[in-house]
Amino acid sequence: MKNTKELKLIDGHFSPDEAREILMNVFLGKIDFHQNKNFSTEERFGKQDVTALKRIPELQRSMDSISKIIEEAKQNNETLQITSEVRISLSKS
């Protein structure tokens, strides 16, 4: 396998409601992941996961930006073109 693999996650035109559902589910899933990771770290090691706690507000700000873009599209009766790729690279730990 090559050291880097790119996979399409999202690729299409969506109504504002569809875009909201797709993007919010992706971002809420990431927030949930980081909240669970922090909880696990606290339970196992008695300390917070600094990286997870830093990432949560970043994701929440992204969700706020998405909401504004979607609202603008809705007001202007527009669709949204969304493209998202996942790039996976192998590396030594």
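## Salt bridges, helix packing and selected residues

A polar contact of 2.9 Å connects the side chains of D11 and K8. This report concerns a predicted model, and its distances, angles and accessibilities are computed from that model.

**The D11 region**

D11 belongs to strand 1, which covers residues 4-14. Its relative accessibility of 46% lies between the limits of 20% and 50%, so D11 is classed as partly exposed. The partner K8 has a relative accessible area of 60% and is therefore exposed, since this value is over 50%. D11 and K8 also form a salt bridge, in which the closest N and O atoms are 2.9 Å apart. When residues up to four places away in sequence are set aside, D11 touches I82 and T83. Q75 stands 64 residues from D11 along the chain, and the C-alpha atoms of D11 and Q75 are separated by 23 Å.

**Salt bridges**

Five salt bridges are present in the structure. The table lists three pairs, with the separation of nitrogen and oxygen and the relative accessible area of each partner.

| Pair | N to O distance | Acidic residue | Basic residue |
|---|---|---|---|
| D11 and K8 | 2.9 Å | D11, 46% | K8, 60% |
| D17 and K74 | 2.9 Å | D17, 47% | K74, 40% |
| E58 and R55 | 3.1 Å | E58, 26% | R55, 31% |

D17 forms a salt bridge with K74, with 2.9 Å between the closest N and O atoms. This pair links distant parts of the chain: D17 is in helix 1 (residues 16-45) and K74 is in helix 2 (residues 50-75), 57 residues apart. D17 is partly exposed because its relative accessibility, 47%, falls between 20% and 50%. K74 is likewise partly exposed, at 40%.

The salt bridge between the side chains of E58 and R55 has an N to O distance of 3.1 Å. Here both residues lie in helix 2, three residues apart, which is about one turn of the helix. E58 is partly exposed at 26% relative accessible area, and R55 is partly exposed at 31%.

**Packing of helix 1 and helix 2**

The relation of two packed helices is described by the angle between their axes and the distance between the axes. The axes of helix 1 and helix 2 come within 9 Å and cross at roughly 170°. Because this angle is over 145 degrees, helix 1 is roughly antiparallel to helix 2. By class, the contact between helix 1 and helix 2 has 15 nonpolar, six polar and six charged residues.

Two residues of helix 1 may be described in more detail. H34 is found in helix 1, and its relative accessibility of 8% is under 20%, so H34 counts as buried. Apart from residues up to four places away in sequence, H34 touches A52, R55, I56 and L59. Among these contacts of H34 is R55, the residue that also meets E58 in a salt bridge.

N38 is placed in helix 1 as well. Its relative accessibility is 9%, and N38 therefore counts as buried under the 20% limit. With neighbours within four places in sequence left aside, N38 is in contact with Q48, D49, A52 and L53. A52 thus appears in the contacts of H34 and in those of N38.

**Strand 2 and the loop before it**

Q81 lies in strand 2, which covers residues 80-89. A relative accessible area of 56% makes Q81 exposed, because that value is over 50%. Leaving aside neighbours within four places in sequence, Q81 is in contact with G12 and H13. Q81 and L59 are 22 residues apart in sequence, and their C-alpha atoms are 20 Å apart in space. L59 is one of the residues that H34 touches.

N77 is located in the loop between helix 2 and strand 2. Its phi is near 55°, a positive value in a residue other than glycine. N77 is also exposed, because its relative accessible area of 75% is over 50%.

Key: Residues are numbered from 1 along each chain as its sequence is written. This is a predicted model: local features need pLDDT of at least 70, side-chain atom pairs count only at pLDDT 80 or more; totals for chains, interfaces and linings use all residues. Side-chain values use heavy atoms; hydrogens and water are left out. Helices (H or I, at least four residues) and strands (E, at least two) are DSSP runs, numbered from the N terminus. Buried means under 20% relative accessible area, exposed over 50%, partly exposed in between (1.4 Å probe, protein chains only). Contact means heavy atoms within 4.5 Å. A polar contact is a pair of N or O atoms within 3.5 Å; within protein, one must be able to donate a hydrogen and the other to accept it, and residues adjacent in sequence count only if both atoms are side-chain atoms. A salt bridge is a side-chain nitrogen of Lys or Arg within 4 Å of a carboxyl oxygen of Asp or Glu. Axes are lines fitted to C-alpha atoms, for helices over the stretch in contact, and angles run from 0 to 180 degrees between N-to-C directions. Angles under 35 degrees count as roughly parallel, over 145 as roughly antiparallel, 65 to 115 as roughly perpendicular and the rest as oblique. Ala, Val, Leu, Ile, Met, Phe, Trp, Tyr, Cys and Pro count as nonpolar, Asp, Glu, Lys and Arg as charged, and the others, Gly among them, as polar.
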